[in-house]
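Here's a quick tour of some ring contacts, strand pairings and charged pairs. Have the viewer open while you read.

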Amino acid sequence: MLEFINEDDFLKVDTFKENEDATVSWVWNEGEGLPTHSGIIRQGFTRLGSDDNTIDIWQNLLTKEQSGEIFIQRLTQEDRDSIAQQEQVNQFKANRQQLLDNAIVTTSSGNQYDADEQSISRMANAILAAQRRGVNEIKWSLADTPTGVMTDVTLADLEEAHELAVENMASIWSIT
């Protein structure tokens with residue numbers, strides 16, 4: 001295993017590659033049929049040498065790169081731009097999902113219903129079941145009551161809540 005205490009450990013590594021978080025990944029394949037090792041070196045990474053002196057592994061890595069002893073595949077500006085763009089997309093999706101997960105709609109009767117995707121599905125199932133059975137009153141756990149507390153609501157109110165929730169979801173998903 002490489003500890004990067006010995007100077008030649010750096011030279012055994014097959015590839016060094018810069019990561020988006022400014023760390024450097026390394027891979028060393030000991031040879032055919034032998035294990036492959038990998039790891040990450042980050043700024044501030046040190047080890048104690050055999051003489052109990054602190055060895056700055058990160059600085060040694062940079063020094064060896066500058067001297068041309070090793071090569072670190074660095075991220076290009078195009079790579080960085082692509083990573084930043086993907087992070088923006090991921091953040092947008094996470095924010096949009098959070099809006100949907102916390103959505104609540106209020107019907108004309110003043111009842112508040114959870115309007116997340118699972119609640120929309122549950123409303124649709126309850127509406128279909130009530131319609132098949134010809135039931136007009138349904139017990140429902142509203143958004144503004146404690147979990148498990150059931151409230152009598154009308155089928156029409158639940159249908160309105162479902163419609164509002166679907167419209168709300170569509171408006172959240174259409175955010176650009």
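## Rings packed together

Trp26 is buried, with a relative accessible area of 5%. Keep in mind that this is a predicted model, and that the values here are computed from it. Phe4 is buried too, at a relative accessible area of 2%. How are the rings of Phe4 and Trp26 arranged? Their centres sit 5.1 Å apart with the planes at 75°, and since anything over 60 degrees counts as edge-to-face, that's the label this pair gets. Phe4 belongs to the segment before α1 (7-12) and Trp26 to strand β2 (residues 24-29), so this contact ties together parts that are 22 residues apart in sequence.

The count of aromatic pairs comes to two. The other one joins Phe4 and Phe10: ring centres 4.9 Å apart and planes at 50°, so this pair is tilted. Both of these Phe residues, Phe4 and Phe10, are buried. Put it together and Phe4, Phe10 and Trp26 make up one aromatic cluster.

## β2 and its neighbours

In a regular strand, side chains alternate between the two faces of the sheet. You can follow that along β2, where Val24, Trp26 and Trp28 make up the covered face, while Ser25, Val27 and Asn29 are on the uncovered one.

β2 has a partner in strand β1 (residues 15-18): the two run antiparallel and are joined by four bridges. With strand β3 (residues 36-41), β2 is again antiparallel, this time through six bridges. Ser25 is a handy residue to click on. It's the bridge partner of Lys17, and Ser25 also stands opposite Ile40 in β3.

The hairpins are worth a look as well. Between β1 and β2 there are five residues, and in that hairpin Ala22 takes a positive phi near 75°. The β2 and β3 hairpin has six residues between its strands, with Gly31 at a positive phi near 140°.

## Charged pairs

Side chains of opposite charge can pair when their charged atoms come close. How many salt bridges does the structure hold? There are six. One of them links Arg74 to Glu18, with the closest N and O atoms 3.7 Å apart. Arg74 is in the loop between β6 (72-73) and α3 (77-101) and Glu18 in strand β1, so the pair ties together parts that are 56 residues apart in sequence. Glu18 is buried, at 9% relative accessible area, whereas Arg74 counts as partly exposed at 33%. Zoom out a little and you'll see a network of salt bridges linking Glu18, Glu65, Arg74 and Arg80.

Lys139 and Asp152 also meet in a salt bridge, at 2.9 Å from N to O. Here the residues sit in strand β9 (residues 137-140) and strand β10 (residues 151-154), respectively, so the pair ties together parts that are 13 residues apart in sequence. Lys139 counts as exposed at 53% relative accessibility, and Asp152 as partly exposed at 49%. Then there's Glu69 with Lys64, whose closest N and O atoms are 3.4 Å apart. In this salt bridge Lys64 is buried, with a relative accessible area of 7%, and Glu69 is partly exposed, at 44%.

How values were computed: Residues numbered from 1 in each chain as written. Predicted model: local features only at pLDDT ≥ 70, side-chain atom pairs only at ≥ 80, totals over all residues. Heavy atoms only, no water. Phe/Tyr/Trp six-rings, centres within 6.5 Å; stacked < 30°, edge-to-face > 60°. Buried < 20%, exposed > 50% of the residue type's maximum accessible area, 1.4 Å probe, protein only. Pairing = 2+ DSSP bridges. Salt bridge = Lys/Arg side-chain N within 4 Å of Asp/Glu carboxyl O.
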